[in-house]
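Work through the following exercises with the sequence and the coordinates at hand, and attempt each task before reading its solution.

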Amino acid sequence: MDKLRLINLFVIAFLVSLMVQYWFFPTKSTTTVVPDIFISVEKESIVIPNIPKITIHNTTTGSISLNPCDDITITIDSRPLTGIKETAPDFCKLITVNSWSNLILSLNPLYKIFSTQPGKYLITMKTLSGDRAVSVDLSLPSSFRSMISTLVYRPIYNLFVALLTWIPGHSLGWAIIIITVIIRLILLVPQQHMLESQKKLQKIQPKIKAIQKEFKGDQAVLGQKMMELYKKEWVNPMGSCLPLLIQMPILIGLYWVVSWITDPSNFYHLYSVFQNFIPSNIVTSFLWLNLSQVGGVTAIVFGLILGFTQWVQAYMSIQHTAKTKAKNTAIAKKEIDPTSMEAALDPELMQKMMLYMLPVMLAVSAFFFPLGVGLYWFIGTLFVIAQQWYVNNKK
C-alpha cells in the first residue's frame with residue numbers, strides 16, 4: 001500500500017513538473033532557414049506619384065550579380081513593359097547582392113513609367129532556383145488630393161522648372177529669389193494700399209479715442225461708430241490681412257515644392273512641355289545654405305534673422321507716429337478695458353501684436369520649414385521694408 005502511494009506521488013510530481021516546464025519554460029521552436037534568393041515589396045498598394053520599393057534578399061552563402069533589364073521583368077495588367085533599355089538605361093546597371101544581405105532595388109529610373117501608368121504591376125526576378133515575383137497595385141490619387149495638386153503644387157513646381165531650365169547650374173536659390181520678386185511685383189499695389197491704410201489709421205487715432213471714450217458703455221453703438229469712421233476716412237482696419245491671405249496658398253505650395261524639389265516622383269507633376277526635365281539635377285545648395293534642409297543650427301540662426309527683419313518692418317510701420325504714441329497709449333491704459341470690444345477694435349493694439357507676436361511666430365516657424373521657404377519670406381520682407389520707407393517719407 002505504501003509502495004502504491006509512493007508511485008502515485010511520483011507520477012503526480014512528474015506531471016506537475018511537466019506542466020510547470022510547459023507553462024513557465026516553453027521550448028523554443030527552431031525553424032530551418034532554407035537558403036534562397038527572393039524579393040519583397042514594402043507596400044502592396046500605393047498611390048501615384050509614389051513608386052514601389054523592392055528589396056532583394058540573399059540568404060545564400062554566396063553573392064549574386066544581376067542586370068535588372070535582363071533578369072527582372074515587369075508587367076502591368078498582364079502586359080509586359082518593353083523598351084526599358086532605351087527609355088531608362090540607368091536601370092540596366094549591374095548590381096551585386098552579398099551573401100546573407102539585402103539590397104533595395106532602385107526603381108527611380110522608371111519613375112516616368114510608374115507616374116503615368118496606374119494598374120496592377122507584377123515584378124518578376126529570375127533566379128537559379130526559379131522565378132520570384134511580387135505584385136503591386138498602383139492607383140491614382142483621390143479627387144481631393146488631385147485637385148490640391150492641380151491648383152497649388154503643379155503650378156508652383158512647373159514655375160520653378162521653367163526658371164531652372166535656363167538658370168545656370170539649375171540653382172534653386174536663384175529660382176526662389178526670382179519667384180519672390182515676381183510675387184512681390186504682383187502684390188505691389190495691394191501691399192501699397194495696405195501700408196497707406198495703416199498710415200491713415202494711425203493719423204485718425206485721436207478720433208478713434210474720442211469715439212471709444214464717448215460710447216464706452218454701449219459696445220453695439222461703439223462698433224457701429226467705428227465702422228462709420230473707417231468708411232468716412234477710407235480706412236480698412238483689416239486691410240493688412242489681404243497680402244497675407246493671398247500668400248498663404250503660395251507658402252503652402254512652396255513648402256511642399258521645396259521639401260521634395262529633387263524627388264523623382266515630380267515627373268508626375270511636370271507639364272508636357274517639361275517632360276524631359278530631370279528633377280534630380282536641381283541644385284539645392286545656395287551660398288552656405290541647403291535650401292531643402294529642415295531644422296538644425298542653421299535654421300535657428302536664419303529664423304532669428306527672419307524674426308528681426310519682420311520686427312524692423314513692423315517697427316517702421318508705426319515709427320512716424322511716435323510723437324503721439326505716448327499720449328494715445330496713456331489714454332488707452334486709463335480708459336480701455338483690455339477685454340472689451342474697444343480693445344479688439346484698437347488699431348494700436350493690433351500694431352503691437354504685429355510688432356512682437358508675428359516676428360516671434362515667424363522665427364519659431366522657420367525651424368520647422370525648409371530654408372528655401374525662409375529665403376522666400378526674407379526677400380519678400382526686404383521688399384516690404386523698402387515700400388514702408390517710401391510710404392513713411394511720402395507726403
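**Exercise 1.** Determine how many bridges join strand E9 to strand E10, and in which direction the two strands run.

*Solution.* Begin with the residue ranges, E9 covering residues 119-127 and E10 covering residues 130-139, where strands (E, at least two residues) and helices (H or I, at least four residues) are DSSP runs numbered from the N terminus. Nine bridges join E9 to E10, and the two run antiparallel; strands count as paired if DSSP finds at least two bridges between them. One of the facing pairs sets Lys120 opposite Asp137 in E10. Finally, the connection is a hairpin that joins E9 to E10 through two residues.

This is a predicted model, in which local features need pLDDT of at least 70 and side-chain atom pairs count only at pLDDT 80 or more, whereas totals for chains, interfaces and linings use all residues. Residues are numbered from 1 along each chain as its sequence is written, and side-chain values use heavy atoms, with hydrogens and water left out.

**Exercise 2.** Find the strand that E2 (residues 45-47) is joined to, and state whether the two run parallel or antiparallel.

*Solution.* Three bridges join E2 to E10, and these strands run parallel. As a check on the register, Val47 stands opposite Ser139 in E10.

**Exercise 3.** Give the order of the strands in the open three-stranded sheet, and identify its edges.

*Solution.* The order is E1-E3-E8, with antiparallel pairing. Strand E1 (37-41) and strand E8 (101-105) are the edges, since each pairs on one side only. From one strand to the next the twist averages 25°, the angle being taken, on a scale from 0 to 180 degrees, between N-to-C directions of axes fitted to C-alpha atoms. Between E1 and E3 (residues 54-58) there are five bridges, and Val41 has Ile54 in E3 as its bridge partner.

**Exercise 4.** Compare the expected span of helix H9 (residues 219-232) with the distance between its end C-alpha atoms, and then locate its buried face.

*Solution.* The expected span is 1.5 Å times one less than the number of residues, so the 14 residues of H9 should span 20 Å, which agrees with end C-alpha atoms that are 20 Å apart. Next, Leu222, Gly223, Met226, Leu229 and Tyr230 are buried in H9 (buried means under 20% relative accessible area and exposed over 50%, with a 1.4 Å probe and protein chains only). Seen down the axis, these buried residues fall within an arc of 125°, so they line one face of H9; the arc is that of the directions from the helix axis to the C-beta atoms. The face turned away from that side carries the exposed residues Ala220, Lys231 and Lys232.
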